[in-house]
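Good morning, colleagues. Please bring up the sequence and the coordinates on your screens, and I shall then go through a few features in turn.

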Amino acid sequence: MGEQAHEHGSVALPGDPVDDDGRAVNQELLGSLMAAAYAACAPCIDRLLGDVADDPVTLGRLVVVARQLALRVYRWELPGHLTDDADRFGPAAPEFKRLVRAVTAAEPVAEVCEQLTAAGRRAAARDAFETLTGLLAVAQEEGLDEQPVLPALCCAYGSLLVDWVFATAPLARREYTDVWRRWAFGRPEAKLTGNGQAALALLLGAVLHHQARQDNVAAPQVEDLVFSRVLPALRDVERAGAVLTAFVAPESKDIAEVTVAVKRLARGDSGFLAELCALAAHTVTMNIKDCPHGLREADHECTLAHRTPALADATRAPVTAPVGAPGRHVALPTIGYRTDETTDDAPAGHATDHLWQINVSRILVQRWDADAARWNEAISEDSSISEPNYQHEIGLEALACPACGSREAFLAEGHWDDPLTLHCRCGVTIMSPSASGPDDFGRLLLKRLILTAADPAYTARRLIPPLTHYHERELRARTESWYRGPDGEDVALVGDIDPDEDDLVAALARALKPRLPERHEGRALTLLLLQVHQALAEPTVRDSGDGRALADGVRSLVADLKQESDRWAHTRLLVVDRLKAWQAEGGPQAWQDAWERTLEMACRHFARYRVTNGRISDGCAGLTLALYLLGSRRDSTVADVRIEDVRGLLAAEGEAGGDPDPGGIPDWWEAQLRAIGHDLDAADDPVARLWRHLRTEHIADSLGERLEPALTLGLDTILGERSFYRIML
């Protein structure tokens, strides 16, 4: 009857059957302990606490649950009497406080328990139990405050800061993702999961919370937190590590999933923590730079309230005041934008402190498109797409007001070395930050506007160097072994331009079909000619000396590209069309039969391939020649030839057991052609003409040090053992 009276059933505690390290927790023992507590059975409590103290894993779980309830009661802030050995209020056992700190730091709690003495574990178990039961009574009597808590708010804001950067700066997103993957794959034992965004939000949440505690900012006033003050902590890796270790992370699913792994790896590898801190600091810096409230402040103290509009909608620029209010400022967009640097001095005839005020109808800028870059990245990694449809990432467009979207009618003002100030007719002032350097987008843009206002011909003059550079780069490319003519898109563009037309502006307009002021994307030549068109469309620019020089340079470039395009026209043909053109030159019946068999194969293997470097088309021509030679032998026809016979013809001059000498193969083939009656110097023999083409030597390696006949290069391309293009007849 005595034992029967001490069976109290079970009251389950929250938690998985195993701890963070996969060690089994005795949940039945903890359930019995809590049932005895509800029954107020002291003998059973004492006995069961002894059993818990003897099981380090189960003792660790008891501490975890007690700590978790303390966080709920104390609004997610651990009081000092639960963690500070010097604080004598509350639990007295330092072993219990050591375990609470271990849980917060994501240490393996069971291992820490094993390092304690038996008496220490017993004291820790007693204090954990008393803390848990005492706080349960408090929670039952007073209830729990469900209002948002400061650590959760700080992590939420940290996540929003990261979201904004990832949405507006895809290169930063890619860089961080690459860093995370490198650590995840390089340290698989760390068990890093996800894409790493939650890890960055965790660190930002930790330093934001630490700063809030220092500045006495409570949860209801968290938007008043000056988040720019966390930068010193992030730039001190040791200090940031201490803050992260002591941070009580919220229990939101995304943060909770990475807390243990991130804290452990950060504690064990300073390199990981240093990279995490650098990325977090970059995130904070980018948000500060975008804040319109600090555009003219040297050391702007940026608050979370300043960033709230941008964080709520990353597609809209934050403005300092509501619509209709005075002093509405917005940051000049810079991510993805660029303008050419200028080497010109300030315009002559104006004092250095002259305040320029310039009315501009439209400001053309180049912008890198993040969405196009993401699209290109995605399809480049998709092996199922045989012909990827890449988009142009760079485009020319008229600068738009970040607040209203207008692309016209601005008033620019500033001194020569000032940051840009741009007034939109919607009442918003667009500014670049005063703390920016001399190569800042806004400063360069203002200098361009000033030079154009002082001398409209500057619009043409500034385009002459890039036009010259483009032409020189094209000429240098023609000396390289990889060059195969101008790009197909450039060929199509210059093909529509008549360089001899008197009205060059009209000729460019017909070919370009400008979409400005909306975005007009394209290759470098397209964007360059688009700027030329816009510059020469102004009569004062077109009739100036610089305008005439620019027009002459464009005519010369277009004429040269047309001539070069014609020289390489055959490389843009489809392989099958190139083969049909050779076949159409005529020849004996066996020659035509050989072409028919080659074309049947080419239509199966190379229907959508273009000639480009000529290797495939030369290989097909060499195959035709081999079929013709073998089919011309006694008791044989073209239809009888097998692929093995062709390979044997290639090896005819090779030594036994060795590879043939590519230089010697054409001599043997030439002898065979002469033997069946061909004059290989004849201009009217299609077989001889093709042979002379195949006998021509080309560069055979990337270094340009080895030459080989087109015949052997081509046949190796379509017959080689390791060739991607290897065929079957």
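Helix α14, residues 253-268, and helix α15 have axes that come within 5 Å and cross at roughly 115 degrees. Angles of 65 to 115 count as roughly perpendicular, and α14 is therefore roughly perpendicular to α15. From α14, the residues in this contact are V262, L265, A266 and G268; from α15, they are S270, F272, L273 and L276. By class, that contact holds six nonpolar residues, two polar ones and no charged ones.

I should say at this point that we are looking at a predicted model. The average pLDDT of the protein chain is 88, and 94% of the residues score at least 70. Two stretches call for caution. Over residues 1-5 the pLDDT stays under 50, and the model shows zero contacts for them beyond four places in sequence. Residues 653-658 are also below 50, although this stretch has four contacts in the model beyond near neighbours in sequence. Where pLDDT is low, the predicted coordinates should not be read in detail.

Let me turn to a second helix pair. At what angle do the axes of α30 and α31 cross? Helix α30 spans residues 665-675 and helix α31 spans residues 686-695; their axes cross at roughly 175 degrees and come within 12 Å. Since angles over 145 count as roughly antiparallel, α30 is roughly antiparallel to α31. On the α30 side the contact is made by P666, D667, W669, E670 and L673, while α31 supplies V687, W691 and R695. Five of these contact residues are nonpolar, none is polar and three are charged.

Next, the internal space. Rolling a probe the size of a water molecule over the atoms shows where empty space is left. In this model, four cavities of 30 Å³ or more are found.

The largest cavity has a volume of about 80 Å³. Its lining consists of R338, T339, D340, L364, V365, Q366, L396, R448, R462 and Q531. Strand β4, residues 364-368, gives the largest share of that lining, with three residues. Which classes of residue make up the lining of the largest cavity? There are four charged, three polar and three nonpolar residues.

The second largest cavity contains about 50 Å³ of space. Around this second cavity we find V165, F166, A172, E175, Y176, L200, L279, H282 and T283. Three elements give two or more residues to its lining: α9 (150-168), α10 (170-186) and α15 (270-289). Helix α15 thus returns here, having already appeared in the contact with α14. By class, the lining of the second largest cavity has six nonpolar residues, two polar and one charged.

Finally, two points of backbone geometry. Most residues other than glycine have a negative phi, and most peptide bonds are trans. Where does the model hold a cis peptide bond? The bond from L516 to P517 is cis, with omega near 10 degrees. P517 sits in the loop between α22 (504-512) and β9 (520-521). The other point concerns A409, a residue other than glycine whose phi is positive, near 60 degrees. A409 belongs to the loop between β5 (394-398) and β6 (410-414).

That concludes my remarks, and I would welcome discussion.

Notes:
Residues numbered from 1 in each chain as written. Predicted model: local features only at pLDDT ≥ 70, side-chain atom pairs only at ≥ 80, totals over all residues. Heavy atoms only, no water. 1 Å grid on protein atoms, 1.4 Å probe; cavity = no way out; pocket = protein on both sides within 12 Å on 5 of 7 lines; lining within 4 Å. Points joined across faces, edges and corners; volume = space filled by probe spheres on them. Helix = DSSP H or I, 4+ residues; strand = E, 2+ residues; numbered from the N terminus. Nonpolar A, V, L, I, M, F, W, Y, C, P; charged D, E, K, R; others polar. Axes fitted to C-alpha atoms, helices over the stretch in contact; angles between N-to-C directions. Parallel < 35°, antiparallel > 145°, perpendicular 65-115°, else oblique. Contact = heavy atoms within 4.5 Å. pLDDT = per-residue confidence, 0-100.
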